[in-house]
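Subject: Structure handover

Hello,

Here is the structure we spoke about, with the sequence alongside. Please open it first; my notes are below it.

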Protein chains: 2
Amino acid sequence: MAEFGKIVVFGTGLIGGSFALALKEAGAVEEVVGFGRTPSTLRIAQELGVIDRAGINPAHEINDADIVLVATPVAQMPEIFERIAPYLGPTTIVTDGGSTKGDVVGAARAAFKGHIGKFVPAHPIAGAENSGPGAARGDLYRGKKVVVTPLPENNDERLDRIKRAWSLCGADIYELTPEMHDRVFAAVSHLPHLLSYALVHDLAVRENADLFFTFAASGFRDFTRIAASHPEMWRDICLANREALLDELDSYRAQLDDLRVALAGGDGERLEEIFDIARQARRRWAGEN
Amino acid sequence: MAEFGKIVVFGTGLIGGSFALALKEAGAVEEVVGFGRTPSTLRIAQELGVIDRAGINPAHEINDADIVLVATPVAQMPEIFERIAPYLGPTTIVTDGGSTKGDVVGAARAAFKGHIGKFVPAHPIAGAENSGPGAARGDLYRGKKVVVTPLPENNDERLDRIKRAWSLCGADIYELTPEMHDRVFAAVSHLPHLLSYALVHDLAVRENADLFFTFAASGFRDFTRIAASHPEMWRDICLANREALLDELDSYRAQLDDLRVALAGGDGERLEEIFDIARQARRRWAGEN
């Protein structure tokens, strides 16, 4: 008998589909049922073996599920939580794959109320270059980080079950509070996206934008790669993590103020100090990652 | 007989050494004489065939040179211009490989005075990941851009000779005024470096910096790759192009102010608009570059 019985996945694309495939390949799940926005996506997911069958009605699928993974865009999660809340069974644990946690936890609390202990939030750190069931891979999470952000209401058993499922996917498990998670990801992910979009936009709206782009080279290419990310998804992430992102943006603006003072004053020593600290940190990080 | 007689190169590393090698491989130069800061570097450059011999005294080498390429860090150029100014011969054209132009032109004017017409500034756009004579490659400039920034005092013949030399290296030649050059490169190169350094520094000086770096992933990797660049070199570039860089920094700060307003006000429509314009521009650029 497999370690997990039925798993229900909302969103059968890169994040949810890869979770399902990984557990199937580990022989750790008996059945995977998928929910999605369009029947055609679910049909493809089933043809690819990502799910065993498409779910029709949450009322018939949630109660006997061991894990319900909500792996849709964060903006769709509140509605899904509301839809499944009435049907949580005795062994059901709900988790998610959202890249922000404060807002997801808030929506889960509103929907699950006294059953919030059954919701164990998580954030698998895996690329998002591709999407849809075709992008799902059983080895996506191998050696990747998954951040679990337990709630005070989660008991050890439920927390361990979710960590175990991600471990079976080959992931390295980390724990942070939802608040610290959001601060960290605002700083190392959401802010860089905002800054990269801002640079390209600032150039793109100029009358002579073409002249500028003509001479953009490899440094520009690296710096702006994330400005090709999906605008709707990043709008949602920025809004979902607004408070932490505003804090990080303000910290960064203060840093730019310092740099401006050094630059305007011709303070080469200060500039070099900032650049040197940054380079050392970047190199140390690159050596370890 | 080769198209160029003697070429003198100050700085026999990636930029100057590759120029020399490319012209040699094209059979376009009779002799390459190198000047450098250390005898050992020049010895290596000679052993690698980058230069034919090391120069000892500019007084004996400049007068009969066809092209003098000053390919040192920009900060060293004023002194070199002063050293060679007394010896410019009737056919001598001086050019440079500096990544800023306003300051280099200023130094050249101060040194060459009435002979400023013999100085044709240029900026070859080639990576700077490696340095030293060992990094020089005859094909470095093939298909790369070289921006020539002519002065009003340059006559057509001298301008054409420098453009011809770079063409023989396989480069695509562009012309900009020195002022426009500096604005464009402030925007697409110098500012991104400043912004990338700023982000990493802002994280690196935190007490819990390690926690943040632990969760930095591929977007962070791309965005901060240029923060591993050489601090001294980028200090010099930032200071050399200070005025244009301050303008670009202020334009960018205004852009961040706009984004902050949209974010704080929950204006998803505006955020998505900015992200979408940026993504379209970035994708168009990537498709063409």
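What follows is a summary of the findings, from the whole chain down to single strands, and then the relation of the two chains. Please keep in mind that this is a predicted model.

Overall layout

Chain A has 289 residues, and 51% of them are buried. Its C-alpha trace spans about 70 × 40 × 35 Å along the principal axes. The secondary structure of chain A consists of twelve helices and nine strands. Of the contacts in chain A between residues at least 6 apart in sequence, 78% join residues at least 24 apart.

Domains

Chain A is assigned two parts: domain 1 covers 4-176 and domain 2 covers 181-288. Their C-alpha centres are 32 Å apart. Where the domains of chain A touch, twelve residues of domain 1 are in contact with nine residues of domain 2. On the domain 1 side, the residues that touch domain 2 of chain A are five nonpolar, five polar and two charged.

Strand E4 and its neighbours

In chain A, strand E4 takes in residues 65-70. Six of the six residues of E4(A) are buried, so the rest of the structure largely encloses this strand. E4(A) has a parallel partner in E1(A), to which five bridges join it. In that pairing, Val9(A) is opposite Leu69(A) of E4(A). E4(A) also runs parallel to E5(A), with four bridges between them. Here Val68(A) is found opposite Val94(A) of E5(A). As general background, side chains in a regular strand alternate between the two faces of the sheet.

Chain B can be described in similar terms. Strand E4 of chain B, residues 65-70, has six of its six residues buried, so E4(B) too is largely enclosed by the rest of the structure. Five bridges connect E4(B) with strand E1 (residues 4-10) of chain B, and the two run parallel. Ile7(B) is opposite Ile67(B) of E4(B). With strand E5 (residues 93-96) of chain B, E4(B) pairs in the parallel sense over four bridges. Leu69(B) is opposite Thr95(B) of E5(B) in this case.

Helix H4

Which residues of helix H4 (residues 77-84) of chain A are buried? They are Met77(A), Ile80(A), Phe81(A) and Ile84(A). These residues cover an arc of only 100 degrees around the axis, which puts them on the same side of H4(A). The spacing fits a general rule: an α-helix has 3.6 residues a turn, so residues three or four places apart point the same way. The elements that cover the buried residues of H4(A) include the strands E1 (4-10), E4 (65-70) and E5 (93-96) of chain A, together with the helices H3 (58-61) and H5 (102-112) of chain A.

The two chains

How is chain A related to chain B? Chain A superposes on chain B, with an RMSD of 0.1 Å, after a rotation of 180 degrees and 0.0 Å of shift along the axis. This is the relation of a two-fold axis. Within chain A, Phe223(A) has the C-alpha nearest the axis, at 2.1 Å from it. Of the interface residues of chain A, 100% are also interface residues in chain B, so the copies meet through the same surface.

Regards

Methods. Residues are numbered from 1 along each chain as its sequence is written. Chains are lettered from A and ligands numbered from 1 in the order in which they are written. This is a predicted model: local features need pLDDT of at least 70, side-chain atom pairs count only at pLDDT 80 or more; totals for chains, interfaces and linings use all residues. Domain bounds come from an automatic or database domain assignment. Two residues are in contact if their C-beta atoms, placed from the backbone, lie within 7 Å. Ala, Val, Leu, Ile, Met, Phe, Trp, Tyr, Cys and Pro count as nonpolar, Asp, Glu, Lys and Arg as charged, and the others, Gly among them, as polar. A residue is buried if 20 or more other C-beta atoms lie within 10 Å of its own, exposed if 12 or fewer, and partly exposed in between; C-beta atoms are placed from the backbone. The arc is that of the directions from the helix axis to the C-beta atoms. Copies are superposed by least squares on the C-alpha atoms of residues with pLDDT of at least 70 in both. Two strands pair if DSSP finds at least two bridges between them.
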